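Thanks for sharing this one. Here are a few friendly notes to read alongside the model.

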Amino acid sequence: MSEYRHQGPIASFDRFVDGLVHARAAADPLEWRRHRAFIATHLFAGLLALGLLPVWLAFAGPTGLVEAVALIGLAAPAPIALYVSQTGRLKAGHLAATTAAAALLAWVAAFTGGLGSYALFGLGIVPMEAALSGRRDVTRISFAVAFAALVLVAGLDQTGLLPAAPAAPSGLRAFIPFFAVVYTGALAMRMEALHRASEEVARKRGLHYRLLAENISDIVTGHAENADIVFVTPAVERVLGVAPDTIRGDGLFRMIHVADRPAYLTAVSDAVRRGLTSEVEFRLKVESETGRGRWLWLEMRCRPLAATDPMAGDARIVAVTRDITERKAQEVELQRAREAAEEASHAKTRFLANVSHELRTPLNAIIGFSEMLGAEVFGPLADPRQREYVKLIHESGSHLLQVVNDILDMSKIEAGSFDVVPEPFDMVNLIDGVRQMMAHQAAERGLTIGLAGDFDLPEVVADRRACKQILINLVSNAIKFTDRGGSVSLGARREADQVAIFVRDTGIGISEKDLARLGTPFVQADSGYDRRHEGTGLGLSVVKGLAGLHGGSMRIESRLGEGTCVTVHLPIDGEGARPETAAPRIVEIKPVSDARDLEKKRA
């Protein structure tokens with residue numbers, strides 16, 4: 001960091017001092033120079049005292065106690081400088097140097113005339129040197145130490161405890177002023193070097209700040225209490241295309257859209273009067289090259305400045321403003337796309353609901369007339385094929401009606417028009433009723449259907465019709481995907497403040513890669529759930545939606561070729577079924593990790 005270009009011994013000494021500066025001072029250039037100046041001055045003073053010792057002995061002769069103590073005090077700056085170089089503790093070094101200098105001057109003054117000694121004038125240099133540390137506390141302590149030394153000498157002098165002057169040899173009296181002149185000269189050079197270093201650091205920092213201000217893409221402004229701009233960075237020319245003088249004062253305010261001015265003033269006021277960091281978005285009109293004005297969207301963030309900040313001047317807040325016109329345009333496009341998607345979704349839902357509603361009336365007629373023909377109400381059918389065809393018509397109509405009902409329920413759930421009416425009811429009776437209802441269908445496919453779980457459940461507060469629909473859909477799926485000879489069981493159990501309704505089968509199961517797709521409308525798994533099984537993939541979607549309307553959730557556990565267990569959790573007290581709190585829950589779908597786990601669940 002040194003820029004010295006001296007040659008010879010001075011350059012060698014400079015390099016030596018540079019190597020002594022502690023590493024902790026390298027982060028701040030000014031602090032580094034303070035450390036270097038302290039070490040250089042005190043090391044030079046201590047070495048100078050030691051170097052002049054032979055000369056002093058040659059002229060003054062043998063030394064006594066007074067001279068020995070004085071010489072120790074003159075050489076003390078050298079070890080203090082080495083201490084600072086090793087520890088980096090400049091404050092401690094200044095305090096040690098202050099104490100040593102004050103003690104030395106008081107000692108010399110005590111033996112060279114007391115209050116009349118010339119050495120006491122050196123006490124004035126002590127706080128001056130401490131001021132070079134840049135620390136107010138060090139300067140105050142140094143002044144107190146120098147003043148205490150003066151008071152001590154004065155007290156001893158007034159009480160007559162000091163020896164009569166001149167008690168010290170003439171060599172000491174001559175050496176001390178010489179050394180004081182040299183040391184004071186070195187101190188003056190140190191002060192001048194620090195002054196130049198401070199100016200250089202300030203100049204470089206100013207250049208750095210100017211470089212940042214001229215090249216950042218955001219506008220930095222300072223605002224007075226009335227929101228007027230007192231300073232602005234040159235970036236305003238790139239962002240707004242106007243000169244800085246154009247927006248100074250109330251120039252920026254006059255360019256802001258009238259509707260956005262209150263928000264702008266509120267943000268500035270919050271920062272000035274309440275000390276808050278605030279931000280605001282506003283529109284601003286600038287003149288284009290064609291002479292026609294164009295509107296820009298700007299975002300301004302305000303931060304209050306401390307009233308005691310010397311750099312603030314008349315500014316009370318600093319604001320950073322950036323052009324967000326492009327972002328606003330993207331937000332508008334996204335909003336339009338979202339509205340279009342929502343409208344398309346609503347249109348799809350309305351279409352499905354209307355079509356489903358219109359299909360139910362003719363389907364009911366088809367199913368009803370096919371039942372009458374199959375029962376031969378109006379006479380026997382002559383050909384057996386007629387009875388077969390009537391049966392196919394009835395089965396196809398029933399299947400199509402179920403699909404239509406699922407579509408209609410799904411449309412109502414997505415549109416938020418499915419009315420959930422919570423009421424207390426016995427869940428066990430509902431489950432047994434569904435079992436009896438589906439027993440005939442299970443028997444036709446060669447399956448057994450039974451009950452499992454906890455039969456001592458409290459009353460559940462939920463929509464009975466929706467819970468029944470959940471069970472019917474789950475049992476229908478279980479029967480559909482279980483081969484002849486298998487079994488289906490349904491039941492419920494209590495889990496904390498919820499009731500868990502489950503349907504378990506020994507069917508074909510679901511592969512792990514297909515589990516995540518289940519519960520999406522019109523989606524069926526490809527593995528296991530292949531197209532040899534009829535259906536639209538709406539059954540589980542309806543179950544998921546109905547569970548969500550109750551504030552519940554659905555969980556699927558399965559393993560390919562070993563069966564499936566679907567569990568629906570519903571709150572017992574019906575709190576989640578209130579319209580204002582009802583919200584779909586995330587569906588938890590996971591494979592059964594081992595066949596033994598599934599067997600335990602079946603048991």
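**Notes on the sheet and two residues**

1. Strand 1 (residues 219–223) and strand 2 run antiparallel and are joined by three bridges. One pairing to look up is that of Thr-221, whose bridge partner in strand 2 is Val-232. Please keep in mind that this is a predicted model.

2. That pair belongs to a wider arrangement: five strands make up an open sheet with antiparallel pairing, in the order 2-1-5-4-3. Strand 2 (229–232) and strand 3 (278–287) are the edge strands, each pairing on one side only. On average, neighbouring strands of the sheet are turned by 30° against each other, direction ignored.

3. Helix 12 packs on this sheet, where it touches strand 1, strand 3, strand 4 (293–304) and strand 5 (317–323). The direction of helix 12 makes about 135° with that of strand 3.

4. Asp-260 sits in the loop between helix 11 (251–255) and helix 12 (261–273). Is Asp-260 buried or exposed? Its relative accessibility is 9%, so Asp-260 counts as buried, the cut-off being under 20%. The Asp-260 side chain reaches the backbone nitrogen of Arg-283 at 2.8 Å. Leaving aside neighbours within four places in sequence, Asp-260 is in contact with Phe-282 and Arg-283.

5. Arg-464 lies in helix 16 (residues 464–480). With a relative accessible area of 34%, Arg-464 is partly exposed. Not counting residues up to four places away in sequence, Arg-464 touches Glu-423, Phe-425, Asp-426 and Leu-430. Val-420 is 44 residues from Arg-464 in sequence, and their C-alpha atoms are 9.2 Å apart in space.

Notes:
Residues are numbered from 1 along each chain as its sequence is written. This is a predicted model: local features need pLDDT of at least 70, side-chain atom pairs count only at pLDDT 80 or more; totals for chains, interfaces and linings use all residues. Side-chain values use heavy atoms; hydrogens and water are left out. Helices (H or I, at least four residues) and strands (E, at least two) are DSSP runs, numbered from the N terminus. Buried means under 20% relative accessible area, exposed over 50%, partly exposed in between (1.4 Å probe, protein chains only). A polar contact is a pair of N or O atoms within 3.5 Å; within protein, one must be able to donate a hydrogen and the other to accept it, and residues adjacent in sequence count only if both atoms are side-chain atoms. Contact means heavy atoms within 4.5 Å. Two strands pair if DSSP finds at least two bridges between them. Axes are lines fitted to C-alpha atoms, for helices over the stretch in contact, and angles run from 0 to 180 degrees between N-to-C directions.
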